[in-house]
Amino acid sequence: MRLLCVCLFLLLTLPAYAVSATPQEQVKQMVDGVFAVLNSDLAADLKREKISGTVQKFLGIESLSQRTLGVYWKKATADELNQFMPLYLKILERTYLNRVDDYSGGKVEYGRERVKGDKAILDTRFVSERFDIPVQYKLVEKAGTWQIYDVLIEGVSLVRSYRSSYNEILRKDGFDGLLTKMENKLAQIEKVD
Amino acid sequence: MRLAIFFLFLLISLLPVGLAFAQPSEGVTSVDQEFDDDFDQEFADDFLEEDDTPLISDPLEALNRRIFWFNDKLYVYLLKPVARVYRVVPRPARKSVGNFFANLSSPVRIFNSAFQLKFGDAGRESSRFFVNSLIGLGGLIDVADHYGKIPEKDEDFGQTLGFYHVGQGPYLILPFLGPSSLRDAGGLVVDMSLDPFTNYLTRNMSLLEKAELKAARAVNYLSLDDDSYEKIKRDALDPYLFMRAAYAQYRVAKVAQ
């Protein structure tokens with residue numbers, strides 16, 4: 001009931017304020033959603049499905065793709081981009097969904113939040129019995145919500161790592177080569193599961 | 001007996017030092033709407049579409065890829081299977097072995113913190129060493145982290161060089177040891193000489209025995225790891241490229257700490 005009220009409130013206030021939640025609230029909403037699924041008694045398959053839905057709401061796949069492709073974003077045709085984005089989303093999803101089975105408790109601590117214009121950096125830590133890992137979120141404001149476009153784990157940026165590899169593949173094999181490699185990878189991952 | 005009293009005294013006198021450092025070194029949880037000068041810099045290259053500069057130069061890629069292949073086989077067919085069998089040893093025991101080795105190499109971290117004029121870190125690492133050696137059964141238990149909330153802070157000579165603005169130089173994959181760079185590989189050599197306790201303990205060992213000890217340490221480490229290498233291999237389009245990018249960024253982040 002309370003959730004409903006909150007939702008209703010958010011819905012009503014959305015047009016009034018350009019941004020309804022701070023970056024931290026936004027990330028917390030996603031993290032809480034994911035943890036709720038992780039800590040539930042659902043079967044692994046169902047967990048993955050639910051988490052996928054939760055996370056996708058907060059990811060800016062276009063921003064993510066743009067930063068990953070870098071120089072090649074502008075060079076690519078609309079058709080190539082339309083092929084790239086869903087593939088990339090699937091690969092990213094596979095990467096974090098495969099971690100679902102590893103989860104064995106832990107919590108997220110929120111640290112410093114820095115906002116400037118339509119960009120924000122949020123520092124968090126993932127703390128569990130075995131780990132204490134700094135995780136930094138980079139967000140960009142799009143259409144009234146903060147969307148995550150990069151995650152830095154112990155200073156290693158997800159997007160930058162992907163960009164570095166993808167750009168090298170693009171340079172050597174072109175866009176078709178990259179798309180083929182991505183398709184093959186996905187087929188390979190899905191076969192293992 | 002007198003020795004015991006001496007140690008007890010040392011311990012008591014050192015405890016406040018450890019506790020004084022136990023306060024978290026960074027203030028967190030405050031929502032800071034202001035930002036530093038480095039804020040823009042942290043965003044800078046995300047929005048530069050022209051940025052195509054590699055994170056680290058790799059003129060020896062062909063050779064590196066061969067060594068990468070060799071390390072991969074070594075890992076998949078030798079080290080990992082051994083580590084998997086070794087996992088029958090309960091986790092806390094394996095953790096203790098890791099702690100023991102880490103504690104022995106405390107001087108490396110103390111020296112390198114001092115080289116970088118991070119005297120607070122040098123002090124924390126020193127108190128960690130004393131507390132863990134004395135109360136933590138010769139380093140088997142990381143008392144300083146568990147009870148004193150003083151976690152280990154990794155410092156090595158590669159980071160010290162980075163602190164003084166020495167660039168990473170070309171990317172190198174070292175046989176057996178994995179990703180490195182010209183700078184960090186050089187740092188490794190210096191760190192070995194800064195490791196008096198390990199050097200002392202292994203002084204009578206043959207080269208082969210030393211290698212075996214290193215392998216044992218690696219196996220112990222791998223037994224505690226959650227198959228992170230396997231995951232990179234499964235998820236990345238080109239694991240070599242992904243690991244290179246991750247290594248370059250990881251080291252930059254380490255130097256900045």
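Here are three short exercises with worked solutions on this predicted model.

Residues are numbered from 1 along each chain as written, and chains are lettered from A in the order in which they are written. Local features need pLDDT of at least 70 and side-chain atom pairs count only at pLDDT 80 or more, while side-chain values use heavy atoms, leaving out hydrogens and water.

**Exercise 1. The sheet in chain A**

Work out the strand order of the open sheet in chain A, and find which strands stand at its edges.

*Solution.*
- Start with the order: five strands run β1-β2-β3-β4-β5, with antiparallel pairing. Strands here are DSSP E runs of at least two residues, helices H or I runs of at least four, numbered from the N terminus; two strands pair if DSSP finds at least two bridges between them.
- Now the edges: β1 (107-116) and β5 (156-157) of chain A each have a single partner strand, so one side of each has no neighbour in the sheet.
- Next, look inside: nine bridges join β2 (residues 119-127) to the antiparallel β3 (residues 132-142) in chain A. I121(A), for instance, sits opposite K138(A) in β3(A).
- Finally, add the helix: α4 (residues 61-69) of chain A packs on the sheet and touches β3 and β4 of chain A (contact means heavy atoms within 4.5 Å). Its direction makes about 40° with that of β4(A), using lines fitted to C-alpha atoms, for helices over the stretch in contact, with angles from 0 to 180 degrees between N-to-C directions.

**Exercise 2. A buried aspartate**

Find what the side chain of D150(A) reaches, given that this residue is buried and has no salt bridge.

*Solution.*
- Place it: D150(A) belongs to strand β4 (residues 145-153) of chain A.
- Check the charges: the nearest side chain of opposite charge, K138(A), is 4.9 Å from D150(A). A salt bridge needs a Lys or Arg side-chain nitrogen within 4 Å of an Asp or Glu carboxyl oxygen.
- Turn to the backbone: the D150(A) side chain reaches the nitrogen of V159(A) at 3.0 Å and that of L158(A) at 3.4 Å.
- List the surroundings: beyond four places in sequence, the contacts of D150(A) include Q136(A), Y137(A) and S157(A).

**Exercise 3. Positive phi in chain B**

Locate L117(B) and K149(B), then decide whether each is buried or exposed.

*Solution.*
- L117(B), with phi near 60°, lies in the loop between α5 (106-115) and α6 (119-134) of chain B.
- K149(B), with phi near 55°, lies in the loop between α7 (143-146) and α8 (157-163) of chain B.
- Apply the cut-offs: buried is under 20% relative accessible area, exposed over 50%, partly exposed in between (1.4 Å probe, protein chains only). L117(B) is exposed at 55%, and K149(B) is exposed at 56%.

Definitions and conventions:
Lys, Arg positive; Asp, Glu negative; His and termini not counted. Polar contact = N/O pair within 3.5 Å; in protein donor to acceptor, adjacent residues only side chain to side chain.
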